[in-house]
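Open your viewer and get ready to click along. We will start with the whole chain and then move in step by step.

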Amino acid sequence: MYWLFLLLALGAFLLAFSTTHSWLLVLALLAALVFLLLWAKGLYVARFGGMNTVPRPLHAAELQALRAQLRPAAEPATAAPAPAVTPAPASPAAGDRELPQS
């Protein structure tokens with residue numbers, strides 16, 4: 001509907017050219033300027049979009065879902081668990097030492 005501003009601007013120019021009063025000439029030229037600016041703004045918004053294209057911040061749940069999608073696939077749950085490894089004692093007790101055999 002921004003094209004209506006162009007028609008109004010053309011009508012204001014027509015009024016400015018056809019009037020004999022100076023105050024009406026100035027008023028019509030100002031109106032034509034305002035209508036032309038409104039038409040240009042409407043044309044810009046129609047072609048490139050408005051100012052509401054700023055990305056919104058992600059909610060914590062959305063961020064968590066994106067992280068889950070980007071993680072590498074985990075091992076399947078049906079895989080056998082890894083065997084438990086018990087660490088060997090650092091130094092055996094005195095009674096556990098074997099005597100050298102001759």
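How many helices and how many strands does the chain have? The chain holds three helices and zero strands, running α-α-α from the N terminus on. Here helices (H or I, at least four residues) and strands (E, at least two) are DSSP runs, numbered from the N terminus.

A word on what you are looking at: this is a predicted model, in which local features need pLDDT of at least 70, side-chain atom pairs count only at pLDDT 80 or more, and totals for chains, interfaces and linings use all residues. Residues are numbered from 1 along each chain as its sequence is written, and side-chain values use heavy atoms, with hydrogens and water left out.

**Colour by confidence.** pLDDT is the predictor's confidence in each residue, from 0 to 100. The chain has a mean pLDDT of 81, with 68% of its residues at 70 or more. Where pLDDT is low, the predicted coordinates should not be read in detail.

**Select residues 22-48.** This is helix H2. At 1.5 Å a residue, its 27 residues should span 39 Å, and the end C-alpha atoms are indeed 39 Å apart; the expected span is 1.5 Å times one less than the number of residues. Just after H2 comes Gly49, with a positive phi near 90°.

**Stay in H2 and look for buried residues.** Buried means under 20% relative accessible area, exposed over 50%, and partly exposed in between (1.4 Å probe, protein chains only). Ala28, Ala32 and Gly42 of H2 are buried, and their cover includes H1. In the chain, buried residues make up 7% of the 102 residues.

**Click on Leu36.** Is Leu36, in H2, buried, exposed or partly exposed? Leu36 is partly exposed, because its relative accessible area is 29%. Leaving aside residues up to four places away in sequence, Leu36 touches Leu6, Ala9 and Phe13, where contact means heavy atoms within 4.5 Å. Try a distance label between the C-alpha atoms of Leu36 and Ala9: they are separated by 5.8 Å, although the two residues are 27 apart along the chain.

**Now select residues 3-18.** This is helix H1, where confidence is highest, at a mean of 95. Find Leu10 in H1: at 52% relative accessibility, Leu10 counts as exposed.

**Finish with H3, residues 60-70.** Confidence in the chain is lowest in helix H3, at a mean of 89.
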